Amino acid sequence: MSDQISFGAAEFASNPEPRCPCILLLDVSGSMSGQPIAELNAGLSVFKDELAADSLAMKRVEVALVTFGPVRVEAPFQSAESFYPPTLSSQGDTPMGEAIRQAIQLVDNRKQEYRANGISYYRPWIFLITDGGPTDEWKSAAAAVREGEAAKKFAFFAVGVKGANMDVLSQISTRTPMSLEGLKFRELFTWLSSSLQRVSQSTPGTEVKLDAPTGWASV
């Protein structure tokens, strides 16, 4: 444990910039096999490259990656500079409720680390992408999302790929869920990267107007 603390302190000492944390909550259940998972992996590479082109975002944006087939933390919070997306493969069912609860916990833990090290931060983003509906208990996760949004603890976004249960997503997310057009994951991640870049250039605590998700989604 002591190693982790000293590493965290060193990380913040060498880069005291405010942080803009974003958790990608990705459905890798069996139904994503084949082209969907291939396009999702391609989209993650685009996301990495787009962030890498922005020197401020590289210092400020932090990315964590949680997949659910079983729920796994594929990558804990790390700077955009250190983030190299793993190659995801599809498996299992869709334990979305557990994945959302895990993401909220990770966000809470990371904020405690920022505060302990005197680092200011932007409202964290939790960005869910799914092509199905939850196969586990999700009502408590939905309540936690609504509560967190109301307290401005994080901003929760949901994107449904073809086959997603948009009715359940709209009960979980306080923002209207977006429907991905086809498999336009690359366009989605370009939008996400430019949105995070825009946030990271603002002052923490101010509202940032995001571009509409045109070209890849319908609301």
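# Exercises: salt bridges and sheet

Glu17 is partly exposed, at 24% relative accessible area. The model is predicted.

**Exercise 1.** Find the salt-bridge partner of Glu17 and compare the burial classes of the two residues.

*Solution.*
- Step 1. Look for the partner. Glu17 forms a salt bridge with Arg60. Their closest N and O atoms lie 2.8 Å apart.
- Step 2. Place both residues. Glu17 sits in the loop between α1 and β1 (20–27), while Arg60 belongs to helix α3 (residues 55–60). The pair links distant parts of the chain, 43 residues apart.
- Step 3. Apply the cut-offs. Buried means under 20%, exposed over 50%, and partly exposed in between. Glu17 has 24%, so it is partly exposed. Arg60 has 13%, so it is buried.

**Exercise 2.** Which helices does the salt bridge between Arg186 and Glu39 link, and is each residue buried or partly exposed?

*Solution.*
- Step 1. Check the contact. The closest N and O atoms of Arg186 and Glu39 are 2.9 Å apart.
- Step 2. Assign the helices. Arg186 lies in helix α7 (residues 185–200) and Glu39 in helix α2 (residues 35–52). They are 147 residues apart.
- Step 3. Classify. Arg186 has 39% relative accessibility and counts as partly exposed. Glu39 has 15% and counts as buried.

**Exercise 3.** Start from the salt bridge of Arg110 with Glu11 and extend it to a network.

*Solution.*
- Step 1. Take the pair. The side chains of Arg110 and Glu11 meet at 3.0 Å, N to O. This pair links helix α4 (residues 96–116), which holds Arg110, to helix α1 (residues 2–14), which holds Glu11. The two residues are 99 apart in the chain.
- Step 2. Check burial. Arg110 has 6% relative accessibility, so it counts as buried. Glu11 has 17%, so it counts as buried.
- Step 3. Extend. Salt bridges link Glu11, Arg19, Glu62, Arg110 and Glu113 in a network.
- Step 4. Set the scale. The structure holds 13 salt bridges.

**Exercise 4.** Trace the sheet from β1 outwards, with partners and directions.

*Solution.*
- Step 1. Go from β1 to β2. The two strands run parallel, joined by eight bridges. Cys20 has Val61 of β2 as its bridge partner. Leu26 stands opposite Thr67 in β2.
- Step 2. Go from β1 to strand β4 (residues 125–130). Five bridges join these strands, which run parallel. Leu25 stands opposite Leu128 in β4.
- Step 3. Go from β2 to β3. Strand β2 (residues 61–68) and strand β3 (residues 71–79) are antiparallel, with six bridges. They form a hairpin with two residues between them. Leu65 stands opposite Ala75 in β3.
- Step 4. Assemble. Seven strands form an open sheet in the order β3-β2-β1-β4-β5-β6-β7, and the pairing is mixed. β3 and β7 (217–218) are the edge strands, each pairing on one side only.

**Exercise 5.** How many residues of β1 are buried, and which helices pack against this part of the sheet?

*Solution.*
- Step 1. Count. Eight of the eight residues of β1 are buried.
- Step 2. Split by face. In a regular strand, side chains alternate between the two faces of the sheet. In β1, Cys20, Cys22, Leu24 and Leu26 are on one side. Pro21, Ile23, Leu25 and Asp27 are on the other. Both faces are covered.
- Step 3. Add the helices. α2 lies across β1 and β2, at about 170 degrees to β1. α4 packs on the sheet and touches β1, β2, β3, β4 and β5 (155–160). The direction of α4 makes about 25 degrees with that of β3.

Methods:
Residues are numbered from 1 along each chain as its sequence is written. This is a predicted model: local features need pLDDT of at least 70, side-chain atom pairs count only at pLDDT 80 or more; totals for chains, interfaces and linings use all residues. Side-chain values use heavy atoms; hydrogens and water are left out. Two strands pair if DSSP finds at least two bridges between them. Helices (H or I, at least four residues) and strands (E, at least two) are DSSP runs, numbered from the N terminus. A salt bridge is a side-chain nitrogen of Lys or Arg within 4 Å of a carboxyl oxygen of Asp or Glu. Buried means under 20% relative accessible area, exposed over 50%, partly exposed in between (1.4 Å probe, protein chains only). Contact means heavy atoms within 4.5 Å. Axes are lines fitted to C-alpha atoms, for helices over the stretch in contact, and angles run from 0 to 180 degrees between N-to-C directions.
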